[in-house]
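Work through the exercises below with the sequence and the model at hand. Each task is followed by a solution in steps.

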2 protein chains.
Amino acid sequence: MQKLSVNNFSYLSSKTLTLKIVETLKLHHLKATPQRLVIMQVLSESAVHPTAEQLFEQVQATHPTISLGTIYKTLETLHEAGLAQKVHVADSAQRWDANIHPHHHIFCSDTGEIVDFEDEELDRLINNYFLKKNISNFTPGQIQLQLNGVKINPNQPIKYHGH
Amino acid sequence: MQKLSVNNFSYLSSKTLTLKIVETLKLHHLKATPQRLVIMQVLSESAVHPTAEQLFEQVQATHPTISLGTIYKTLETLHEAGLAQKVHVADSAQRWDANIHPHHHIFCSDTGEIVDFEDEELDRLINNYFLKKNISNFTPGQIQLQLNGVKINPNQPIKYHGH
DNA sequence: GTGGCTGCAAAGTCTTTGCACGAGT
DNA sequence: ACTCGTGCAAAGACTTTGCAGCCAC
(Lines give C-alpha, C1' and ligand atoms only; values in the text may rest on other atoms or scores of the structure.)
Protein backbone atom coordinates (compact mmCIF):
# COMPACT_ATOMS: atom_id res chain seq x y z
CA MET A 1 0.00 0.00 0.00
CA GLN A 2 1.18 3.48 -0.77
CA LYS A 3 2.27 5.35 2.28
CA LEU A 4 1.76 9.03 2.56
CA SER A 5 3.61 11.07 5.08
CA VAL A 6 1.43 13.64 6.71
CA ASN A 7 4.02 16.30 7.08
CA ASN A 8 5.46 16.28 3.63
CA PHE A 9 2.80 18.76 2.66
CA SER A 10 3.69 21.68 4.83
CA TYR A 11 3.66 23.92 1.78
CA LEU A 12 -0.04 23.25 1.40
CA SER A 13 -2.74 25.51 2.77
CA SER A 14 -4.42 24.28 5.89
CA LYS A 15 -7.52 23.37 3.90
CA THR A 16 -5.59 21.38 1.33
CA LEU A 17 -3.66 19.68 4.11
CA THR A 18 -6.92 18.58 5.68
CA LEU A 19 -8.02 17.06 2.40
CA LYS A 20 -4.70 15.29 2.12
CA ILE A 21 -5.10 13.89 5.60
CA VAL A 22 -8.60 12.64 4.86
CA GLU A 23 -7.27 10.92 1.78
CA THR A 24 -4.40 9.38 3.70
CA LEU A 25 -6.68 8.05 6.42
CA LYS A 26 -9.05 6.49 3.89
CA LEU A 27 -6.16 4.86 2.09
CA HIS A 28 -5.39 3.10 5.35
CA HIS A 29 -9.02 2.20 6.04
CA LEU A 30 -9.23 4.49 9.00
CA LYS A 31 -12.27 6.65 9.61
CA ALA A 32 -11.62 10.32 9.02
CA THR A 33 -13.02 11.62 12.29
CA PRO A 34 -12.64 15.26 13.25
CA GLN A 35 -10.46 14.18 16.18
CA ARG A 36 -8.01 12.42 13.93
CA LEU A 37 -7.91 15.28 11.49
CA VAL A 38 -6.99 17.78 14.18
CA ILE A 39 -4.45 15.52 15.82
CA MET A 40 -2.73 14.72 12.55
CA GLN A 41 -2.75 18.34 11.48
CA VAL A 42 -1.27 19.60 14.73
CA LEU A 43 1.34 16.83 14.78
CA SER A 44 2.33 17.40 11.18
CA GLU A 45 2.73 21.12 11.72
CA SER A 46 4.70 20.72 14.91
CA ALA A 47 8.46 21.05 14.91
CA VAL A 48 9.05 19.87 18.46
CA HIS A 49 8.30 16.14 18.35
CA PRO A 50 5.64 16.54 21.01
CA THR A 51 4.52 14.12 23.70
CA ALA A 52 0.90 13.00 23.83
CA GLU A 53 0.32 15.52 26.60
CA GLN A 54 1.80 18.41 24.61
CA LEU A 55 -0.28 17.47 21.61
CA PHE A 56 -3.31 17.35 23.87
CA GLU A 57 -2.69 20.89 25.07
CA GLN A 58 -2.32 22.22 21.55
CA VAL A 59 -5.39 20.39 20.34
CA GLN A 60 -7.41 21.68 23.27
CA ALA A 61 -6.89 25.27 22.17
CA THR A 62 -9.26 24.73 19.27
CA HIS A 63 -11.00 21.49 20.24
CA PRO A 64 -11.49 21.47 24.00
CA THR A 65 -13.67 18.35 24.04
CA ILE A 66 -11.08 15.96 22.62
CA SER A 67 -9.80 13.75 25.42
CA LEU A 68 -6.27 12.75 26.29
CA GLY A 69 -7.22 9.10 25.91
CA THR A 70 -8.18 9.76 22.33
CA ILE A 71 -4.81 11.35 21.70
CA TYR A 72 -3.06 8.24 22.97
CA LYS A 73 -5.27 5.88 20.99
CA THR A 74 -5.01 7.95 17.84
CA LEU A 75 -1.23 8.13 17.98
CA GLU A 76 -1.00 4.38 18.44
CA THR A 77 -3.40 3.84 15.55
CA LEU A 78 -1.41 6.16 13.31
CA HIS A 79 1.76 4.38 14.31
CA GLU A 80 0.31 0.99 13.41
CA ALA A 81 -0.73 2.36 10.05
CA GLY A 82 2.77 3.69 9.53
CA LEU A 83 1.66 7.30 9.65
CA ALA A 84 3.54 8.40 12.74
CA GLN A 85 6.86 7.52 14.28
CA LYS A 86 7.78 7.12 17.90
CA VAL A 87 10.88 8.93 19.06
CA HIS A 88 12.71 7.72 22.14
CA VAL A 89 14.96 10.05 24.02
CA ALA A 90 16.32 10.29 27.54
CA ASP A 91 14.14 11.45 30.42
CA SER A 92 11.05 12.17 28.40
CA ALA A 93 7.69 10.59 27.82
CA GLN A 94 7.18 9.05 24.40
CA ARG A 95 7.56 11.65 21.69
CA TRP A 96 6.02 11.65 18.24
CA ASP A 97 7.03 12.53 14.75
CA ALA A 98 4.76 12.84 11.73
CA ASN A 99 7.74 12.54 9.46
CA ILE A 100 7.68 8.89 8.52
CA HIS A 101 10.41 9.20 5.96
CA PRO A 102 13.48 7.42 7.36
CA HIS A 103 15.57 10.08 9.01
CA HIS A 104 17.86 10.82 11.90
CA HIS A 105 17.67 13.03 14.94
CA ILE A 106 19.77 15.70 16.53
CA PHE A 107 19.04 15.78 20.24
CA CYS A 108 19.93 18.54 22.67
CA SER A 109 20.22 17.06 26.14
CA ASP A 110 19.92 20.52 27.70
CA THR A 111 16.62 21.58 26.18
CA GLY A 112 15.20 18.22 25.13
CA GLU A 113 14.87 19.61 21.64
CA ILE A 114 14.85 17.19 18.72
CA VAL A 115 15.66 18.26 15.19
CA ASP A 116 15.11 16.01 12.21
CA PHE A 117 18.21 15.30 10.22
CA GLU A 118 17.91 13.95 6.74
CA ASP A 119 20.79 13.48 4.35
CA GLU A 120 21.18 11.09 1.47
CA GLU A 121 24.94 11.06 1.63
CA LEU A 122 24.91 9.90 5.23
CA ASP A 123 22.37 7.19 4.46
CA ARG A 124 24.41 5.96 1.53
CA LEU A 125 27.51 5.89 3.71
CA ILE A 126 25.89 3.86 6.45
CA ASN A 127 24.01 1.53 4.14
CA ASN A 128 27.16 0.74 2.21
CA TYR A 129 28.91 0.02 5.44
CA PHE A 130 26.28 -2.43 6.62
CA LEU A 131 26.16 -4.12 3.24
CA LYS A 132 29.82 -4.98 3.66
CA LYS A 133 29.42 -5.93 7.29
CA ASN A 134 27.83 -9.30 7.64
CA ILE A 135 25.41 -9.55 10.49
CA SER A 136 24.18 -13.08 10.77
CA ASN A 137 20.76 -14.22 11.96
CA PHE A 138 19.36 -10.72 11.50
CA THR A 139 17.28 -9.03 8.82
CA PRO A 140 18.17 -5.34 9.00
CA GLY A 141 15.53 -2.69 8.60
CA GLN A 142 15.59 0.97 9.39
CA ILE A 143 18.79 2.54 10.62
CA GLN A 144 18.37 5.44 12.99
CA LEU A 145 21.13 7.66 14.13
CA GLN A 146 20.96 10.06 17.01
CA LEU A 147 23.44 12.87 17.34
CA ASN A 148 23.50 13.92 20.97
CA GLY A 149 24.90 17.21 22.10
CA VAL A 150 23.98 20.60 23.45
CA LYS A 151 22.75 23.80 21.86
CA ILE A 152 25.14 26.71 22.12
CA ASN A 153 22.52 29.45 22.18
CA PRO A 154 19.27 28.05 23.57
CA ASN A 155 17.27 30.85 22.01
CA GLN A 156 18.42 30.12 18.50
CA PRO A 157 17.44 27.10 16.44
CA ILE A 158 19.80 24.32 15.45
CA LYS A 159 20.52 24.37 11.75
CA TYR A 160 22.51 22.31 9.36
CA HIS A 161 23.79 22.59 5.85
CA GLY A 162 21.03 21.51 3.53
CA HIS A 163 18.20 22.89 5.61
CA MET B 1 38.68 11.80 36.14
CA GLN B 2 39.48 8.43 34.77
CA LYS B 3 36.42 6.47 33.83
CA LEU B 4 36.32 2.75 34.19
CA SER B 5 33.76 0.68 32.44
CA VAL B 6 32.42 -2.04 34.65
CA ASN B 7 31.94 -4.59 31.97
CA ASN B 8 35.27 -4.37 30.29
CA PHE B 9 36.52 -6.92 32.74
CA SER B 10 34.41 -9.90 31.91
CA TYR B 11 37.52 -12.00 31.59
CA LEU B 12 38.21 -11.44 35.25
CA SER B 13 37.20 -13.86 37.97
CA SER B 14 34.17 -12.85 39.95
CA LYS B 15 36.35 -11.97 42.92
CA THR B 16 38.68 -9.80 40.87
CA LEU B 17 35.68 -8.16 39.24
CA THR B 18 34.35 -7.26 42.66
CA LEU B 19 37.63 -5.64 43.57
CA LYS B 20 37.58 -3.72 40.32
CA ILE B 21 34.08 -2.50 41.05
CA VAL B 22 35.06 -1.36 44.53
CA GLU B 23 37.95 0.54 43.04
CA THR B 24 35.73 2.10 40.40
CA LEU B 25 33.17 3.22 42.95
CA LYS B 26 35.79 4.80 45.17
CA LEU B 27 37.28 6.62 42.22
CA HIS B 28 33.92 8.25 41.78
CA HIS B 29 33.48 9.00 45.48
CA LEU B 30 30.65 6.56 45.84
CA LYS B 31 30.38 4.26 48.81
CA ALA B 32 31.07 0.65 47.98
CA THR B 33 27.99 -0.86 49.56
CA PRO B 34 27.12 -4.52 49.09
CA GLN B 35 23.98 -3.45 47.20
CA ARG B 36 25.97 -1.49 44.66
CA LEU B 37 28.49 -4.25 44.25
CA VAL B 38 25.83 -6.82 43.43
CA ILE B 39 23.91 -4.54 41.13
CA MET B 40 27.01 -3.54 39.19
CA GLN B 41 28.21 -7.09 38.97
CA VAL B 42 24.89 -8.42 37.70
CA LEU B 43 24.53 -5.56 35.23
CA SER B 44 28.05 -5.93 33.94
CA GLU B 45 27.62 -9.65 33.41
CA SER B 46 24.26 -9.31 31.72
CA ALA B 47 23.97 -9.49 27.96
CA VAL B 48 20.34 -8.44 27.70
CA HIS B 49 20.36 -4.74 28.61
CA PRO B 50 17.97 -5.36 31.46
CA THR B 51 15.27 -3.13 32.90
CA ALA B 52 15.40 -2.17 36.58
CA GLU B 53 12.79 -4.81 37.26
CA GLN B 54 14.76 -7.55 35.50
CA LEU B 55 17.87 -6.56 37.37
CA PHE B 56 15.86 -6.67 40.59
CA GLU B 57 14.75 -10.23 39.90
CA GLN B 58 18.28 -11.38 39.21
CA VAL B 59 19.66 -9.62 42.24
CA GLN B 60 16.95 -11.12 44.43
CA ALA B 61 18.16 -14.63 43.67
CA THR B 62 21.21 -14.07 45.82
CA HIS B 63 20.28 -10.95 47.77
CA PRO B 64 16.57 -11.10 48.56
CA THR B 65 16.59 -8.07 50.85
CA ILE B 66 17.71 -5.51 48.26
CA SER B 67 14.74 -3.38 47.35
CA LEU B 68 13.54 -2.29 43.93
CA GLY B 69 13.83 1.34 44.98
CA THR B 70 17.50 0.82 45.64
CA ILE B 71 17.92 -0.64 42.14
CA TYR B 72 16.38 2.49 40.65
CA LYS B 73 18.44 4.84 42.80
CA THR B 74 21.64 2.92 42.21
CA LEU B 75 21.20 2.88 38.45
CA GLU B 76 20.57 6.62 38.42
CA THR B 77 23.63 7.17 40.60
CA LEU B 78 25.78 5.04 38.34
CA HIS B 79 24.46 6.91 35.34
CA GLU B 80 25.33 10.27 36.86
CA ALA B 81 28.82 9.00 37.57
CA GLY B 82 29.12 7.83 33.98
CA LEU B 83 29.23 4.17 34.95
CA ALA B 84 26.03 3.04 33.26
CA GLN B 85 24.19 4.00 30.11
CA LYS B 86 20.48 4.27 29.50
CA VAL B 87 19.16 2.55 26.43
CA HIS B 88 15.90 3.68 24.91
CA VAL B 89 13.92 1.36 22.71
CA ALA B 90 10.32 1.05 21.65
CA ASP B 91 7.70 -0.34 23.99
CA SER B 92 9.98 -1.09 26.88
CA ALA B 93 10.78 0.36 30.23
CA GLN B 94 14.15 2.02 30.55
CA ARG B 95 16.91 -0.44 29.83
CA TRP B 96 20.47 -0.35 31.08
CA ASP B 97 23.91 -1.03 29.78
CA ALA B 98 27.12 -1.30 31.78
CA ASN B 99 29.13 -0.78 28.63
CA ILE B 100 29.91 2.92 28.79
CA HIS B 101 32.27 2.84 25.86
CA PRO B 102 30.52 4.71 23.00
CA HIS B 103 28.84 2.08 20.90
CA HIS B 104 25.80 1.31 18.82
CA HIS B 105 22.87 -1.05 19.16
CA ILE B 106 21.24 -3.72 17.07
CA PHE B 107 17.61 -4.01 18.10
CA CYS B 108 15.25 -6.83 17.26
CA SER B 109 11.71 -5.52 17.31
CA ASP B 110 10.32 -9.06 17.59
CA THR B 111 12.16 -10.18 20.69
CA GLY B 112 13.15 -6.83 22.18
CA GLU B 113 16.72 -8.07 22.18
CA ILE B 114 19.52 -5.53 22.08
CA VAL B 115 23.03 -6.38 20.93
CA ASP B 116 25.93 -4.01 21.35
CA PHE B 117 27.64 -3.09 18.13
CA GLU B 118 31.07 -1.60 18.23
CA ASP B 119 33.18 -0.88 15.18
CA GLU B 120 35.91 1.65 14.69
CA GLU B 121 35.46 1.85 10.96
CA LEU B 122 31.84 2.85 11.32
CA ASP B 123 32.69 5.46 13.92
CA ARG B 124 35.39 6.92 11.72
CA LEU B 125 32.97 7.02 8.80
CA ILE B 126 30.28 8.86 10.72
CA ASN B 127 32.63 11.19 12.53
CA ASN B 128 34.26 12.22 9.28
CA TYR B 129 30.88 12.86 7.82
CA PHE B 130 29.81 15.13 10.65
CA LEU B 131 33.13 16.96 10.58
CA LYS B 132 32.37 17.97 7.01
CA LYS B 133 28.75 18.73 7.73
CA ASN B 134 28.36 22.01 9.50
CA ILE B 135 25.71 22.00 12.16
CA SER B 136 25.38 25.46 13.59
CA ASN B 137 24.43 26.39 17.14
CA PHE B 138 25.18 22.88 18.33
CA THR B 139 28.08 21.22 20.11
CA PRO B 140 27.97 17.58 19.06
CA GLY B 141 28.70 14.83 21.53
CA GLN B 142 28.07 11.14 21.35
CA ILE B 143 26.64 9.64 18.18
CA GLN B 144 24.43 6.64 18.66
CA LEU B 145 23.19 4.48 15.89
CA GLN B 146 20.43 1.95 16.17
CA LEU B 147 20.02 -0.76 13.61
CA ASN B 148 16.45 -1.98 13.78
CA GLY B 149 15.35 -5.26 12.33
CA VAL B 150 14.24 -8.76 13.20
CA LYS B 151 16.05 -11.92 14.14
CA ILE B 152 15.72 -14.73 11.65
CA ASN B 153 16.01 -17.58 14.13
CA PRO B 154 14.83 -16.38 17.53
CA ASN B 155 16.67 -19.22 19.27
CA GLN B 156 20.03 -18.28 17.88
CA PRO B 157 22.02 -15.19 18.84
CA ILE B 158 22.72 -12.28 16.54
CA LYS B 159 26.34 -12.12 15.52
CA TYR B 160 28.48 -9.87 13.43
CA HIS B 161 31.90 -9.89 11.91
CA GLY B 162 34.36 -8.81 14.53
CA HIS B 163 32.58 -10.41 17.44
C1' DG C 1 -27.57 0.09 10.24
C1' DT C 2 -23.15 -1.23 11.81
C1' DG C 3 -18.57 -1.32 13.16
C1' DG C 4 -15.30 1.48 14.52
C1' DC C 5 -14.27 5.58 17.38
C1' DT C 6 -14.71 8.68 21.34
C1' DG C 7 -15.03 10.32 26.13
C1' DC C 8 -14.72 9.15 30.63
C1' DA C 9 -12.85 7.14 34.49
C1' DA C 10 -10.56 3.52 36.51
C1' DA C 11 -6.71 0.66 36.56
C1' DG C 12 -2.06 -0.54 35.33
C1' DT C 13 2.86 0.07 34.77
C1' DC C 14 6.99 2.29 35.60
C1' DT C 15 9.59 5.52 38.36
C1' DT C 16 10.47 8.92 41.96
C1' DT C 17 10.26 10.68 46.58
C1' DG C 18 10.28 11.29 51.74
C1' DC C 19 11.83 9.68 55.74
C1' DA C 20 13.77 7.00 59.57
C1' DC C 21 17.19 3.81 60.25
C1' DG C 22 21.62 1.70 59.22
C1' DA C 23 26.21 1.24 57.28
C1' DG C 24 30.68 2.72 54.91
C1' DT C 25 34.30 5.81 55.31
C1' DA D 1 30.89 10.70 64.17
C1' DC D 2 29.10 12.09 59.83
C1' DT D 3 27.36 11.50 55.74
C1' DC D 4 25.56 8.92 52.48
C1' DG D 5 22.79 4.94 51.24
C1' DT D 6 18.95 1.73 52.03
C1' DG D 7 14.26 -0.13 52.71
C1' DC D 8 9.70 0.83 52.85
C1' DA D 9 5.61 2.70 51.34
C1' DA D 10 3.25 6.31 49.37
C1' DA D 11 2.85 9.32 45.63
C1' DG D 12 3.61 10.70 40.98
C1' DA D 13 3.99 10.38 35.94
C1' DC D 14 2.70 8.20 31.97
C1' DT D 15 -0.16 5.00 29.44
C1' DT D 16 -3.69 1.49 28.68
C1' DT D 17 -8.20 -0.45 29.17
C1' DG D 18 -13.31 -1.21 29.52
C1' DC D 19 -17.45 0.26 28.33
C1' DA D 20 -21.58 2.91 26.95
C1' DG D 21 -22.96 5.94 23.53
C1' DC D 22 -22.06 8.18 19.09
C1' DC D 23 -20.81 8.92 14.40
C1' DA D 24 -18.52 8.11 9.78
C1' DC D 25 -19.26 5.12 6.36
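**Exercise 1. Describe the surroundings of the side chain of A:His103.**

Step 1. The side chain of A:His103 reaches the backbone oxygen of A:His101 at 2.5 Å. A second polar contact, of 2.8 Å, joins the side chains of A:His103 and A:Asp97. A polar contact is a pair of N or O atoms within 3.5 Å; within protein, one must be able to donate a hydrogen and the other to accept it, and residues adjacent in sequence count only if both atoms are side-chain atoms.

Step 2. This is a predicted model, in which local features need pLDDT of at least 70 and side-chain atom pairs count only at pLDDT 80 or more, while totals for chains, interfaces and linings use all residues. Residues are numbered from 1 along each chain as its sequence is written, chains are lettered from A and ligands numbered from 1 in the order in which they are written, and side-chain values use heavy atoms, with hydrogens and water left out.

Step 3. Place the residue: A:His103 is found in the loop between β2 (95–97) and β3 of chain A. Helices (H or I, at least four residues) and strands (E, at least two) are DSSP runs, numbered from the N terminus.

Step 4. With a relative accessible area of 1%, A:His103 is buried. Buried means under 20% relative accessible area, exposed over 50%, and partly exposed in between (1.4 Å probe, protein chains only).

Step 5. List the contacts (heavy atoms within 4.5 Å). Leaving aside neighbours within four places in sequence, A:His103 touches A:Gln85, A:Asp97, A:Asp116, A:Phe117, A:Glu118, A:Gln142 and A:Gln144.

**Exercise 2. Which parts of the structure do the salt bridges of A:Lys86 and B:Lys86 join?**

Step 1. A salt bridge is a side-chain nitrogen of Lys or Arg within 4 Å of a carboxyl oxygen of Asp or Glu. Over all chains, a search of the whole structure finds 13 salt bridges.

Step 2. A:Lys86 forms a salt bridge with B:Asp91, with the closest N and O atoms 2.8 Å apart. A:Lys86 lies in strand β1 (residues 85–87) of chain A and B:Asp91 in the loop between β1 (85–87) and β2 (95–97) of chain B, so this pair joins two chains. A:Lys86 is buried at 10% relative accessibility, whereas B:Asp91 is exposed at 64%. A network of salt bridges links A:Glu76, A:Lys86 and B:Asp91.

Step 3. In chain B, B:Lys86 forms a salt bridge with B:Glu76, with 3.3 Å between the closest N and O atoms. B:Lys86 lies in strand β1 of chain B and B:Glu76 in helix α4 (residues 68–80) of chain B, so the pair ties together parts that are 10 residues apart in sequence. B:Lys86 is buried, at 9%, and B:Glu76 is partly exposed, at 30%.

**Exercise 3. Characterise the contact between chain A and chain B.**

Step 1. The contact takes 44 residues from chain A and 44 residues from chain B. The two chains bury about 3800 Å² between them, 59% of it on carbon and sulfur atoms. Buried area is the accessible area (1.4 Å probe) that two parts lose on being put together, summed over both.

Step 2. In chain A, the residues that lose the most area to chain B are A:Tyr129, A:Asn137 and A:Phe138, together 19% of what that side buries.

Step 3. Between chain A and chain B there are six salt bridges. One pairs B:Asp119 with A:Lys133, the closest N and O atoms being 2.8 Å apart. There are also 28 residue pairs in polar contact between the chains, both residues at pLDDT 80 or more.

Step 4. On the side of chain A that touches chain B, the largest share, 14 residues, comes from β6(A). The residues of that side divide into 22 nonpolar, 14 polar and eight charged. Ala, Val, Leu, Ile, Met, Phe, Trp, Tyr, Cys and Pro count as nonpolar, Asp, Glu, Lys and Arg as charged, and the others, Gly among them, as polar.

Step 5. Strands also pair across the contact: β5(A) and strand β7 (residues 159–160) of chain B are antiparallel over two bridges. Two strands pair if DSSP finds at least two bridges between them. The bridge partner of A:Ser136 in β7(B) is B:Lys159.
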